[in-house]
Amino acid sequence: MHTPLIDLRQIRKAYGGDDSPLVEVLRGIDLSIHAGEFVAIVGASGSGKSTLMNILGCLDRPTSGEYLFAGENVAQLDSDELAWLRREAFGFVFQGYHLIPSGSAQENVEMPAIYAGTPAAERHARAHALLERLGLGTRTGNRPHQLSGGQQQRVSIARALMNGGHIILADEPTGALDSHSGAEVMSLLDELADQGHVVILITHDREVAQRAKRIIEIRDGLIISDSAEHACAPPAANPGALQAVDLRQRLSNGSSQTGAWKGELLDAVQAAWRVMWINRFRTALTLLGIVIGVASVVVMLAVGEGSKRQVMAQMGAFGSNIIYLSGSAPNPRTPEGIITLDDVAELSTLPQVERIMPVNGSTAGVRFGNADHSSYVGGNDTNFPQIFNWPVIQGSYFTQADEDSAAAVAVIGTKVRDKLLKDVADPIGQYILIENVPFQILGVLAEKGASSGDSDSDNRIAVPYSAASTRLFGSRNPQYVVIAAKDARKVKDAEQAIEQAMLRRHHGKKDFELTNNAAMIQAEARTQGTLSLMLGAIAAISLLVGGIGVMNIMLMTVRERTREIGIRMATGARQRDILRQFLTEALMLSVVGGIAGIGLALLVGGVLLLSGVAIAFQALAVIGAFACALVTGVIFGFMPARKAARLDPVTALTSE
Ligand code: ADP
Ligand code: MG
């Protein structure tokens with residue numbers, strides 16, 4: 001005799017225990033079903049039919065007893081193998097249809113094939129052919145709520161047949177249908193039984209049960225009659241029907257097969273997108289955390305980088321080999337040291353020094369005609385254009401002869417020209433009053449601000465050092481000294497040599513101070529580093545908040561869609577498929593949040609740029625912030641996704 005396809009031995013199922021009263025729903029069911037049979041299980045409501053069907057379909061496990069499927073003990077199968085059985089061997093038809101509400105008829109029918117890894121083209125064609133065959137050829141794009149009950153039930157039959165549907169488990173398939181639709185569904189089941197499918201029909205209606213070739217009656221969890229007991233041998237298996245031997249073979253290599261990841265991914269992305277779109281307001285609110293986090297990181301880093309570049313440019317514009325020497329107090333109670341022209345003369349003999357220029361300057365009032373302006377006036381010698389790398393664009397710089405004679409001549413910055421001499425065709429040769437002393441303009445300096453980003457550099461007037469001392473400020477001593485080191489790479493060495501020489505001249509008293517552009521740039525870079533760290537901390541906090549948002553929305557999604565998860569499991573989804581789907585959804589959320597964040601950052605950045613803030617977007621910051629958003633999504637999406645994947649199929653399916 002053949003091995004029965006389904007063999008139940010002393011199956012018992014009890015609910016409750018512990019705190020709630022123990023209810024035994026199935027109390028020792030013995031039942032074998034062979035390939036090709038059409039069986040009806042009848043019984044009053046509450047007699048345990050659905051419980052039995054859930055066990056038959058491997059959605060639920062019995063409390064005790066043995067279930068042999070094609071000779072395999074089902075209790076020994078792991079969750080992937082059970083999923084394989086649900087996917088390949090069974091096709092479920094429920095009283096409440098159990099279609100996924102957000103998917104079209106076509107998508108619902110295709111679902112088991114997605115988990116089976118059927119290629120897309122084949123899947124589409126087969127789903128379409130099945131729907132066509134069940135009279136729904138024109139309804140493939142409709143969603144369940146756009147279909148009548150009978151149509152929905154036919155969609156669910158098509159879904160049951162998608163992967164073959166060797167064993168159709170129909171739990172009160174006509175229970176919710178009008179008599180006409182019910183009759184249609186019944187004749188469909190008849191037809192399937194004739195084609196060799198095993199059909200197990202569960203009903204409380206004896207008339208419906210009469211359609212089956214074998215009728216089993218169940219009452220209070222026990223089989224009280226079975227028409228097959230009086231019949232002789234089981235019917236010969238039809239060709240094409242599932243054979244026990246055949247199945248055992250396929251089970252062993254089938255459960256390890258993987259689904260088509262592309263199909264599953266696409267399905268998961270589509271499902272995720274639909275859910276987000278349906279709840280778009282809620283999604284948008286919950287994603288604010290990630291959006292603001294990403295945007296603030298990108299904008300703050302861009303502003304930081306912009307200001308850093310500006311400062312660097314300002315410093316670099318004056319040359320990176322430049323050292324400044326000025327007087328300073330050795331300690332707070334002593335007066336600042338004084339640097340003399342003799343100091344300057346001696347320092348100029350150092351081999352590390354290329355050029356040296358004393359500066360005696362201050363902010364001063366300048367007047368031309370009726371116009372008044374305040375500008376920095378520096379007395380400096382003829383080294384100025386070379387040491388600051390700052391040529392004249394009009395006229396010429398003053399000469400050594402002017403210096404020697406303390407001539408009242410001036411070279412003006414572009415800003416001074418624009419403020420005072422806007423209406424004069426040629427400023428050269430004009431006289432301006434500096435602190436009421438007339439100076440003749442010899443030339444105009446090139447614009448420095450364009451390269452340094454600091455337009456105040458151009459609000460400057462250069463006059464001979466001697467003229468500044470005698471005609472303007474009284475003192476002959478320089479306020480500070482500008483020194484160009486010979487080698488830009490050995491600024492530090494030059495600085496040390498200068499320090500030694502100065503200490504010698506000032507009898508060991510360090511009443512002066514040396515700074516250089518390179519060091520200032522370094523200090524600036526350090527400040528920026530601290531700033532970046534702070535920004536990083538802010539970013540981490542906002543991304544944390546964003547991540548909690550994602551987790552919140554995912555937990556809600558899992559709760560709202562528990563039944564969908566159950567349906568997916570009943571059609572053969574493995575735990576990892578469910579995990580992957582919900583992780584994909586979390587990832588999608590963060591992708592959308594991240595993109596919105598970058599969009600917001602560009603918008604804010606654009607506004608800042610238009611209002612004159614120096615801003616420099618960095619690809620690395622944008623990519624980094626985006627990547628952080630994704631990682632946050634995955635980390636915080638994992639817990640809800642795992643929760644979904646670990647749901648028990650029957651609990652998920654029967655949840656509200
Ligand atoms: P039928 O499908 O024959 O109407 P069911 O198999 O659905 O009956 O249920 C049989 C009995 O089991 C019912 O009395 C029901 O209250 C009980 N039952 C079903 N599921 C549960 C459950 N999860 N917890 C406790 N009792 C349950
Ligand atoms: Mg029931």
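**Entry 1. Surface and burial**

What share of the accessible surface of the protein chain belongs to carbon and sulfur atoms? I looked this up in what is a predicted model. The accessible surface comes to about 29600 Å², and carbon and sulfur atoms hold 56% of it. I then turned to burial: 52% of the 656 residues of the protein chain count as buried.

**Entry 2. Overall form**

I next looked up the extent of the C-alpha trace, which spans about 135 × 55 × 45 Å along its principal axes. For secondary structure I noted 22 helices and 20 strands in the protein chain. The radius of gyration is 44 Å, whereas the globule rule gives 26 Å for 656 residues; the chain is therefore more spread out than a compact globule. I also examined contacts between residues at least 6 apart in sequence, and 78% of these join residues at least 24 apart.

**Entry 3. Domains**

Into which domains is the protein chain divided? I recorded domain 1 (6–259), domain 2 (272–312 + 523–653) and domain 3 (338–510). Domain 2 is thus written as two segments, 272–312 and 523–653. Between the C-alpha centres of domain 1 and domain 2 I found a distance of 42 Å. Their contact takes 23 residues from domain 1 and 20 residues from domain 2.

**Entry 4. Nonpolar cores**

Which residues touch the most other members of the largest nonpolar core? They are Tyr67, Phe69 and Phe90, in a core of 75 residues. This core lies between domain 1 and domain 2, because both give residues to it. I followed Tyr67 further, leaving aside residues up to four places away in sequence: among the residues that Tyr67 touches are Ile6, Leu8, Ile11, Ile55 and Phe90. Tyr67 also touches Asp7, Glu72 and Asn73. Apart from the largest core lies another core, of 36 residues, including Ala40, Leu147, Val155 and Ile168.

**Entry 5. Annotated transmembrane regions**

I consulted the UniProt record, an unreviewed entry, which places the feature "transmembrane region" at residues 284–304, 531–555, 586–609 and 615–638. I checked two of these spans in the model. Residues 531–555 are 100% helix and 0% strand, with their end C-alpha atoms 36 Å apart. For residues 615–638 I noted 83% helix and 0% strand, and a distance of 37 Å between the end C-alpha atoms.

Notes: Residues are numbered from 1 along each chain as its sequence is written. Chains are lettered from A and ligands numbered from 1 in the order in which they are written. This is a predicted model: local features need pLDDT of at least 70, side-chain atom pairs count only at pLDDT 80 or more; totals for chains, interfaces and linings use all residues. Side-chain values use heavy atoms; hydrogens and water are left out. A nonpolar core is a set of buried Ala, Val, Leu, Ile, Met, Phe, Trp, Tyr and Cys residues joined through side-chain atoms within 4.5 Å. Buried means under 20% relative accessible area, exposed over 50%, partly exposed in between (1.4 Å probe, protein chains only). Domain bounds come from an automatic or database domain assignment. Contact means heavy atoms within 4.5 Å. Helices (H or I, at least four residues) and strands (E, at least two) are DSSP runs, numbered from the N terminus. The radius of gyration is taken over C-alpha atoms; the globule rule is 2.2 Å times the number of residues to the power 0.38. Accessible areas come from the Shrake-Rupley method with a 1.4 Å probe; for residues, only the protein chains shown count as cover. UniProt positions are given in the numbering used here, feature names are shortened, and annotations may be inferred rather than shown by experiment.
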